[in-house]
Structures are given as structure tokens and as C-alpha cells.
Amino acid sequence: MSRLGIFGGTFDPVHVGHLAIASAALESVPLDRVLFVPAKRSPLKDRLPLASEADRLTMLEAAIAGEPRFSVSRAELEREGPSYTADTLERLAGRVEQDQLFLILGGDAVVDFERWHRPDRIVQLATLLVAARPGAPDPVEGERRLVFDAPRLDISSRELRARALRGRSLRYLVPDAVWRHIEEHGLYRAMETTPRTT
Ligand code: ATP
């Protein structure tokens with residue numbers, strides 16, 4: 001039975017924090033593969049992603065290109081409405097019956113977990129794997145919930161978008177190919193930054 005990590009997020013943009021914890025999960029849990037699942041829209045975020053779906057997907061694919069155990073799923077981008085992890089896991093579980101599923105989360109995301117759509121169903125389908133994150137309470141283990149050894153990197157997409165808006169470089173904070181894509185397309189430079197609720 002192979003061990004598959006599912007890593008959901010808006011990845012707006014994907015950054016070295018995401019990649020470092022996914023890599024740590026491969027190594028320390030360990031996992032055989034990690035599937036990154038960009039969300040169309042995160043149900044608990046009060047704003048829509050700034051970059052287009054195509055740009056977020058291109059950046060994610062470029063970011064993982066060097067690691068054969070990483071792949072990207074378009075499942076949530078192809079589905080209408082907010083992206084519920086429970087639905088994604090439900091579909092995946094039906095498709096990859098031979099795999100044991102793990103859901104990778106940062107310490108901030110696990111704080112909200114009970115407010116997610118169908119949290120009980122999520123933990124029936126997958127074991128939660130939590131990485132500590134600076135600024136969030138240290139996660140604790142529990143039933144179907146493991147804390148794994150990952151580097152604590154104080155970096156967030158929000159902070160990177162704000163840097164780019166000020167005209168600052170994101171080089172070394174995102175993989176080179178992602179940085180080039182952001183530069184070439186002028187992403188996050190003059191994009192709408194006021195919170196949206198739809
Ligand atoms: P934003 O700043 O836009 O809210 P983010 O940096 O938190 O974005 P997301 O794409 O929303 O990134 O995160 C996807 C998942 O990755 C979440 O589970 C989040 O907790 C986790 N994550 C993101 N950055 C880190 C980090 N530096 N350390 C640990 N976990 C992280």
C-alpha cells in the first residue's frame with residue numbers, strides 16, 4: 001500500500017515554505033508521494049486568489065518539476081464552487097483504493113479544522129499531518145492527527161504578495177521558475193488588493 005500525501009492550498013503563489021514542508025513529509029513521515037491540490041476558492045478565506053487559476057497552476061507545476069514524487073491535481077479547479085477538502089478526498093479515495101491517504105496542513109490551518117466542511121468525514125478518509133508554523137500555536141497530536149518534523153519557515157503567500165506589490169523581489173522566496181513567471185507576467189504588482197467577499 002502506498003502512502004499518499006494530499007496538500008491543498010491556494011498557492012497564490014506557491015513558496016519555499018510549501019515545498020519545504022511537503023519535502024519534509026516525504027522524508028519524515030514518510031510518504032511515497034505528495035499531490036498538491038490548488039483550490040478554486042478556499043471556503044474559509046474572505047478573498048479570492050489574486051492570480052488566475054492558470055497562473056497558479058503554471059507556478060505550481062514549475063515549482064514541483066524537479067521532484068518526481070510531487071504532482072499537481074486539477075480536481076478542485078475543475079469543480080464549481082468553493083473547494084471542500086472532504087469532496088476532494090472522497091473522490092480520491094474512490095480512485096486510489098490501494099493508497100493510504102494523509103492530509104498535510106500547517107499549524108494555522110489545523111486551528112480552524114473543526115470549522116471545515118465535514119471534518120469527521122475528512123479524518124475517516126485521511127490521517128492529518130500537521131507541520132508547525134511560526135505565528136500559529138504548536139500543533140498537538142491526537143487521534144488520526146500526527147505532527148511531523150518540518151522546518152519552521154516564517155513565510156506566507158500573503159506576505160509575498162505584499163512584497164511584490166511594493167515592487168520588491170520574491171527571488172529565493174519562491175523557486176526560480178516561479179519567480180521568473182511572476183516577473184515576466186507582472187503578477188501581484190498592480191493587482192486588486194482590497195478584500196473581496198465573493
Ligand atoms: P496566504 O498567506 O495567502 O493565506 P499561505 O502562505 O498560508 O497563504 P496557502 O496556500 O493558503 O498558503 O497554504 C496551504 C497550506 O500550506 C495550509 O495548510 C498552510 O497552513 C500551509 N502552509 C503555508 N505556508 C506554510 C509555512 N510557512 N509553514 C507551514 N505550513 C504552511
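Here, contact means heavy atoms within 4.5 Å. Keep in mind that the model you're looking at is predicted.

**Exercise 1.** Find what V34 is in contact with, leaving aside its neighbours within four places in sequence.

*Solution.* Start with the list: G5, F7, A22, L26, R69, F70, S71 and I104. Next, pick out the pairing: F70, in strand 3, is the bridge partner of V34. Then zoom out to the strands: strand 2 and strand 3 run parallel and are joined by three bridges.

**Exercise 2.** Work out the strand order of the open sheet, and say why one side of strand 3 and of strand 6 is left without a neighbour.

*Solution.* Walk across the six strands and you get 3-2-1-4-5-6, with parallel pairing. Now look at the edges: strand 3 and strand 6 (145–147) each have a single partner strand, so one side of each has no neighbour in the sheet. As for twist, neighbouring strands are turned by 30° against each other on average, direction ignored. Finally, add a helix: helix 2 packs on the sheet against strand 2 and strand 3, and its direction makes about 165° with that of strand 3.

**Exercise 3.** Describe the largest nonpolar core, and name the residues that touch the most other members.

*Solution.* This core has 39 residues, and the ones you're after are L31, V34, F36, I104 and F148. Then ask who contributes: the elements giving two or more residues include helix 1 (16–28), strand 2 (33–38) and helix 2 (53–64). Helix 1 supplies the largest share, six residues. Last step, don't miss the second, separate core: 19 residues, among them V96, V110, F113 and V130.

Methods:
Residues numbered from 1 in each chain as written. Predicted model: local features only at pLDDT ≥ 70, side-chain atom pairs only at ≥ 80, totals over all residues. Heavy atoms only, no water. Core = buried A, V, L, I, M, F, W, Y, C linked by side-chain atoms within 4.5 Å. Buried < 20%, exposed > 50% of the residue type's maximum accessible area, 1.4 Å probe, protein only. Helix = DSSP H or I, 4+ residues; strand = E, 2+ residues; numbered from the N terminus. Pairing = 2+ DSSP bridges. Axes fitted to C-alpha atoms, helices over the stretch in contact; angles between N-to-C directions.
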